[in-house]
Each structure stands twice: as C-alpha cells, then as structure tokens.
Amino acid sequence: MMLKISSFSFGIITSIILFSANSYSLSSIYAQDTQYSNNNTNENNNSSLLNELENIKNILESKVTKLATALQIASSLPQILQPPDVNLIDPKVNGIPEDADIEKRKIAKILLDQFKEFSSIVFLLNNGDVYFDEPFERQLNRTATNLSFRDYYQAVEQTKKTYLSDAIISITTGKNLAVIATPVINKENEMTGILLGAINFNNYDRFLQSLNLQNNTRLVLVDKNGVKIGDSNENEMSVSKESFEKKQFSNLTSFKLALEGKSGSIVEEFDGKETQITFLPYDLFQNKRILLLIQGCDRDINNSNLCIDNDNNKELNLINENVLSRLGTFF
C-alpha cells in the first residue's frame, strides 16, 4: 500500500513540475559579460539575436531543471532511500535480478513512463557499481558494470550535488547522450547511492529543428568540450557516435570565447565558409552548455564579407508562438 500511495503522490508531484516547467518566463535572466560585434551598424541586430538565444536557453534550461527535479524527488522516496542490498547483485545479469528490490525498479519505471526524454534510469552504489538499470534489457546488455570513471559519478561523489554530464558515448548502446546524476542522501546525511537519468539527444534535435530558422541559418547546442548535443540541421543527428567524435565546434573562436563566459557575435570560418556566429553560454547543474547560431555570409562585388545585416534580420525570429505551444512535445 505504501508503494501505491507514494507512486500516486509522485505522479502528482511530477505533473506539477511539468506544468511549472512549461510556464517559464521569457524575461532575460542571463548577464552578458562581453559582447563582440563586427561594426556599430550590426550592434542592435546582435543584441536582438542574443535575446532570441536567451529565450531558447531559458526553454532548454527549464526542461533540464524539470528532469533534475524529478530525479531529486525520486531520490528522496522511501523505496529509493532503503539501503541497497549488495548481496542481491548477480554478475550474470550485470546487477540485481529483475525481480529483486522491485520497489526501487517501480520508481524507475514511473520516471521512464512520465518523462519520455529519459532513455534509462540507473542506480549506482557508492563505489560506482551498477545496482540496477531500467529497462532491464539494457542491464543485460551492459559491458561495463562500474561507472566510477564517468564525470557524473566523480562530480556527485565529490560534491554530493546534482550534476549534468558532458556528452558521452554509452557503452551499452553506442549512442551519444548525457546523464543527470543526483545523490541519494539518507536521514543521517549519508550518501547511499547515486540515481541517474540518461537523456536522449533526439529531444534536443527535434526541438531545435522546430524553430523558425532561415535556410542559411543553423543552431547547435554543445557541451564544454565542443561535442554537439542538439542540431537544427535535420541531416545531422546529435545522437550518433560520429557526431561525438567529430567535435567540429571545439576549434571555433566563438566557442572559445563562450568558454570564457562571454557572449556576442563574430565572423569566422566554419566548414570552409565565412560565417557569422552568435554565441551564448550558460551554466547548468555544475556544468556548461553553449548555444551557437551559425549564419552564412555572402561576398559583394568588392569581395568584401557581407554577413546578414539589420534589414535581412528583421524577419529572423528564432522562436515563434507555434514553438511555444508545442514545447511539451519535445521535453
């Protein structure tokens, strides 16, 4: 009976989180340290583009916060707080059997059911050993049963705080993904494990591809290593291993400036072409994310660079009402 009551309560709580996350404010909350622009005539335009990126950042930030909050609530439930029984671990199934400590697995299943952007929920022991992985099929396919080498394990183990990982290649699926990890803290303020939620990057791709972008404009979300997390280009899948290995954004000057906490616009070469790149970094759960808006430049009869000017940008609305009304589809 306790599980049913807790599950019902958890469902209500997460529904409230979902509603609250979708009711975000579009007011600017990011303090720009430094703005870069090519000339004074484009200064207003660059500010407008940064405001558009600010709005998109707020949306992405609110969605990840929703997921992290759901994990944090789950980590405080009695079923999860019950100390794991290491004697249940069976090396043949890379963790505990499917029918062992079922109370914890039920909480994981509720998370997966209510938050489709999670591809799996994992419970780690304090030493990094996998206690269980849900869905169970993923656990059976595991080739690594200790994840203490991962950045998310090390960050949570050291800080006892929720952490959003860099992009990683899953050893189990071979796909590019990120992990939200939160500590399980008992009443004695002791950490008894770590609860993980793996985020499917398809959600970011679908969201960015829904924006009202012009043909010569591309918007990408990258981590602090320059690995792509989301892409508005339908021909570029962020979930692939090739995307992880490419790291094509890490050498950009705009990316390096964003790592320093700066935002703005500069003209630089990307994929062999002159482009204007508007960049906006933001911090989230002990880590950093960076938005890069890439716009193509043309050349005039004097062979001078002509990036998109104010007149052309009057109709460049990166975000529109249709997108705002369909946010729940993506996160």
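Start by selecting strand β5, residues 176–185. Strands here, like helices, are DSSP runs numbered from the N terminus (E, at least two residues, for strands; H or I, at least four residues, for helices). Nine of the 10 residues in β5 are buried, so the strand is mostly covered, where buried means under 20% relative accessible area, exposed means over 50%, and partly exposed lies in between (1.4 Å probe, protein chains only).

Before going on, a word about what is on your screen: this is a predicted model, in which local features need pLDDT of at least 70 and side-chain atom pairs count only at pLDDT 80 or more, while totals for chains, interfaces and linings use all residues. Residues are numbered from 1 along each chain as its sequence is written, and side-chain values use heavy atoms, with hydrogens and water left out.

**Stop 1: the partners of β5**

Keep β5 selected and add its neighbours; two strands pair if DSSP finds at least two bridges between them. Begin with strand β3, residues 163–164, which runs antiparallel to β5 and is joined to it by two bridges. To find one of the contact points, pick Y163 and look across to its bridge partner in β5, A181.

Next, add strand β4, residues 168–169, which is also antiparallel to β5, again with two bridges. Here I168 has L177 as its bridge partner in β5. Six residues separate β4 and β5 in a hairpin, and in its turn you can click on G174, whose phi is positive at about 75 degrees.

Now bring in strand β6, residues 191–200, which pairs with β5 through nine bridges in the antiparallel sense. V179 makes a handy marker, standing opposite A198 in β6. This pair is a hairpin too, with five residues between the strands, and N189 in the turn has a positive phi of about 65 degrees.

**Stop 2: T162**

Step to T162, in the loop between α6 (151–159) and β3. Is T162 buried or exposed? With a relative accessible area of 9%, T162 is buried. Show side chains and you will see a polar contact of 2.8 Å between T162 and T182; the term covers a pair of N or O atoms within 3.5 Å, where within protein one must be able to donate a hydrogen and the other to accept it, and residues adjacent in sequence count only if both atoms are side-chain atoms.

For a wider selection, display what T162 touches beyond its neighbours within four places in sequence: A68, Q72, I180, A181, T182, P183, F285 and Q286. Contact means heavy atoms within 4.5 Å.

**Stop 3: S265 and Y282**

Select S265 in strand β9, residues 264–270. This serine is buried, at a relative accessible area of 1%. Its side chain is joined to that of T278 by a polar contact of 2.6 Å.

Then go to Y282 in strand β10, residues 273–284. Y282 is buried as well, with a relative accessible area of 3%. Draw a distance from its C-alpha atom to that of K57: the two are 225 residues apart along the chain, yet 7.8 Å apart in space.

**Stop 4: aromatic rings**

Rings of Phe, Tyr and Trp (its six-membered ring) pair if their centres lie within 6.5 Å; planes under 30 degrees apart count as stacked, over 60 as edge-to-face and the rest as tilted. How many aromatic pairs does this rule give? The count is six. One of them is F115 with F118, whose ring centres are 6.4 Å apart and whose planes meet at 65 degrees, so the pair is edge-to-face. Both F115 and F118 are buried.

F123 and F132 form a stacked pair, at 6.0 Å centre to centre with 20 degrees between the planes. F123 and F132 are both buried. Add Y131 to the selection, and ring pairs link F123, Y131 and F132 into a cluster.

**Last stop: the whole protein**

Zoom out and colour by pLDDT, the predictor's confidence in each residue from 0 to 100. The protein averages 82, and 76% of the residues score at least 70. Confidence is highest in β3, at 98, and lowest in helix α10 (residues 310–313), at a mean of 41. Select residues 300–305 as well, where pLDDT stays under 50. Where pLDDT is low, the predicted coordinates should not be read in detail.

The full view holds 11 helices and 13 strands, and 54% of the 331 residues are buried.
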